[in-house]
Amino acid sequence: MLRVFQALFATLMMAFLILPIVAILPLAFTDSIFLNYPIDAYSLRWFEELGRSAQWSASIVNSLIIGSGATALSVVLGTLAALALRGSAIPFPDVVRTIFLLPMVVPAVVLGVGLQISLARIGLSSTYLGVIVSHTVLCVPFVIVSVSTALQGIDRTTERAAASLGASPATVFRRVTLPLAMPGVVTGAVFAFATSLDEVVLTLFVAGPNQRTLARQMFSSIRENISPAVAAAALLLIVGTLLLAGLAAFLRRRPA
């Protein structure tokens with residue numbers, strides 16, 4: 001009986017989370033110019049609109065550029081931070097780890113205002129580099145959590161064995177630690193890219209008109225004129241996120 005209730009509760013929770021998404025996705029294929037049901041005719045015109053419109057096309061390109069840059073930077077910084085937190089050289093490692101994870105819990109509006117002021121002082125306001133740095137602040141915690149989890153699963157005796165055979169610390173890291181932690185690194189990169197791709201609040205504060213991302217374009221379109229192009233863009237984001245999540249799950253399950 002307990003298993004039945006558990007299965008029922010899990011089903012209800014899945015429906016609660018998925019139904020809002022299921023409700024909007026079919027409207028990406030409507031032939032109408034309005035977001036409403038019933039759908040009289042189906043069409044791919046709104047996906048074609050994403051490719052024809054200069055604003056939508058530019059926003060997709062900007063999202064890929066900013067997402068790739070933020071992912072690369074956050075993977076480097078997050079992996080280095082996870083390695084440092086793994087050792088015993090840093091005093092109060094739990095406090096330091098909490099500080100690293102603060103961007104995950106601090107309201108995005110507060111973080112956006114702070115980053116806007118900071119970037120303006122160093123001349124990076126409304127620039128691609130400024131947006132990439134801002135998204136990196138949000139992405140680094142995900143990389144730290146993922147890489148730290150992977151590092152906890154590594155048997156330190158393997159690294160000591162390599163060192164006892166004459167390998168330098170750099171060689172041990174390159175030939176032993178990094179390959180074993182690579183699933184965690186790639187998983188962190190996947191979540192970092194997905195986070196950057198979906199971020200809109202922070203982008204509103206730090207990005208200029210030339211750095212309009214897909215998420216920001218969707219937000220602006222909803223404010224100005226609700227059209228099924230927003231549903232088409234949402235479908236692309238959801239499919240991309242699901243593919244990235246599938247890749248992360250595959251890497252998690254793959255044996256080292």
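How many cavities of 30 Å³ or more does the structure hold? The answer is 1. I will come back to what lines that cavity after the overall layout. Please keep in mind that this is a predicted model.

First, the fold. The chain has 11 helices and 0 strands. Read along the sequence, the pattern is α-α-α-α-α-α-α-α-α-α-α. The C-alpha trace spans about 70 × 60 × 30 Å along its principal axes.

Next, the annotation. An unreviewed UniProt entry places the feature "transmembrane region" at residues 7–29, 60–83, 95–115, 127–151, 172–194 and 226–251. I looked at two of these spans in the model. Residues 172–194 are 100% helix and 0% strand, and the end C-alpha atoms of that span lie 31 Å apart. For residues 95–115 the values are 71% helix and 0% strand, with the end C-alpha atoms 23 Å apart.

Now the helix packing. Two packed helices are described by the angle between their axes and the distance between the axes. I have two pairs, and H6 is in both.

Take H6, residues 128–152, with H8. Their axes come within 8 Å and cross at roughly 150 degrees. That angle makes H6 roughly antiparallel to H8, since the cut-off for that label is over 145 degrees. The crossing of these two helices is right-handed.

The other pair is H5, residues 108–121, with H6. Here the axes come within 11 Å and the crossing angle is roughly 140 degrees. H5 and H6 are therefore oblique to each other. H5 also passes H6 in a right-handed crossing.

Back to the cavity. About 30 Å³ of space lies in it. Which helices each supply at least two residues of its lining? They are H3, which covers residues 54–86, together with H6 and H8. H8 gives the most, with 5 residues. The full lining is Thr 79, Leu 83, Val 147, Leu 151, Phe 173, Thr 177, Leu 178, Ala 181 and Val 185. By type, that is 7 nonpolar, 2 polar and no charged residues.

Then there is the largest pocket, which has a volume of about 250 Å³. What lines the largest pocket? The residues are Ala 194, Thr 195, Leu 197, Asp 198, Glu 199, Ala 234, Leu 237, Ile 238, Thr 241 and Leu 242. Helix H8, residues 169–198, and helix H11, residues 228–253, each supply at least two of them. The largest share, 5 residues, comes from H11. The pocket lining divides into 6 nonpolar, 2 polar and 2 charged.

To put the two sites side by side: H8 supplies at least two residues to the lining of the pocket, and H8 also gives the most to the lining of the cavity. The cavity lining has no charged residues, whereas the pocket lining has 2.

That is the picture as it stands, from a predicted model.

Technical notes:
Residues numbered from 1 in each chain as written. Predicted model: local features only at pLDDT ≥ 70, side-chain atom pairs only at ≥ 80, totals over all residues. Heavy atoms only, no water. 1 Å grid on protein atoms, 1.4 Å probe; cavity = no way out; pocket = protein on both sides within 12 Å on 5 of 7 lines; lining within 4 Å. Points joined across faces, edges and corners; volume = space filled by probe spheres on them. Helix = DSSP H or I, 4+ residues; strand = E, 2+ residues; numbered from the N terminus. Nonpolar A, V, L, I, M, F, W, Y, C, P; charged D, E, K, R; others polar. UniProt positions renumbered as here; feature names shortened; annotations may be inferred. Axes fitted to C-alpha atoms, helices over the stretch in contact; angles between N-to-C directions. Parallel < 35°, antiparallel > 145°, perpendicular 65-115°, else oblique. Left-handed = near helix turned anticlockwise from the far one by under 90°.
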